[in-house]
Amino acid sequence: MEDVRVHEDRLWQDDGWTARVVKNEDGDGWAVAMYQDGESEPALVGPWTMGRDKVNPKPLDHAAFQTLVKTAREVLRRHEQQRRAQLHREVTVSMADDTVTVALDIIPDEDSPHAILTAVDALGDELARMQVAPDFKLSRSAAASWIESGFQRF
């Protein structure tokens, strides 16, 4: 797909991103919305500066566009980190002769939500894997019990 480039006062498209300056719906002034190509919802919406005439928005330029792209990418990165934190939990349990990391990965499937519980030793070798309910509460004590039981089903 060819990269479309548009550099107008209120619309910039470049490098997989679109910045669109629009009238602020919440009152006076202007806002800028940043869209990543292929997405219908903006990754970032924020206030935009008025121009010198105090009526029209300041025109977009290369520097402003690059700053907006950087900020929108950071917003998306943080959203992904937050989503990962909601769907992945991990505890480490020290046993007599080994350290075992137990991870819970929630699979938010519409038809069959579930979670995968995985135990890995200090060398990274998988010791056990089991499907559990998506609301399974992973704690150090639950992980230790699972390990001590020889990885029996809960």
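Tutor: Let's start with a rule: two strands count as paired when DSSP finds at least two bridges between them. Keep in mind that the model in front of you is predicted.

Student: How do you know that strands E6 and E7 are paired?

Tutor: E6 covers residues 88-94 and E7 covers residues 99-107, and 7 bridges join them. The rule asks for at least two bridges, so the two strands pair. They run antiparallel, and a hairpin of 4 residues connects E6 to E7.

Student: Which residue of E7 stands opposite Glu 90?

Tutor: Ala 103 does. Ala 103 also has a bridge partner in E8, namely Thr 118.

Student: What makes E7 and E8 a pair?

Tutor: Use the same rule again. E8 spans residues 114-121, and 8 bridges link E7 with E8 in the antiparallel sense. At least two are needed, so E7 and E8 pair. Here too there is a hairpin, with 6 residues between the strands.

Student: Let's turn to Thr 18. Why is Thr 18 called buried?

Tutor: Its relative accessible area is 6%. Buried means under 20%, so Thr 18 belongs in that class. You can find Thr 18 in strand E3, residues 17-23.

Student: What makes the link between the side chains of Thr 18 and Gln 13 a polar contact?

Tutor: The distance is 3.3 Å. The cut-off for a pair of N or O atoms is 3.5 Å, with one able to donate a hydrogen and the other to accept it, so this pair qualifies.

Student: Which residues does Thr 18 touch, leaving out those up to four places away in sequence?

Tutor: Leu 11, Trp 12, Gln 13, Ala 33, Met 34, Tyr 35 and Asp 37.

Student: Now the whole chain. How do you know that it is not a compact globule?

Tutor: A compact globule of 154 residues would have a radius of gyration near 15 Å, but this chain has 24 Å. The C-alpha trace spans about 75 × 30 × 30 Å along its principal axes. As for burial, 34% of the 154 residues count as buried.

Student: How many helices and strands does the chain have?

Tutor: It has 2 helices and 9 strands. Read from the N terminus, the order is β-β-β-β-β-α-β-β-β-β-α.

Student: And what share of the exposed area comes from carbon and sulfur atoms?

Tutor: Those atoms supply 48% of about 10,500 Å². One more value for your notes: among contacts with a separation of 6 or more, residues 24 or more positions apart account for 31%.

Technical notes:
Residues numbered from 1 in each chain as written. Predicted model: local features only at pLDDT ≥ 70, side-chain atom pairs only at ≥ 80, totals over all residues. Heavy atoms only, no water. Buried < 20%, exposed > 50% of the residue type's maximum accessible area, 1.4 Å probe, protein only. Contact = heavy atoms within 4.5 Å. Rg over C-alpha atoms; globule rule 2.2 N^0.38 Å. Areas by Shrake-Rupley, 256 points an atom, 1.4 Å probe, with all protein chains shown as cover.
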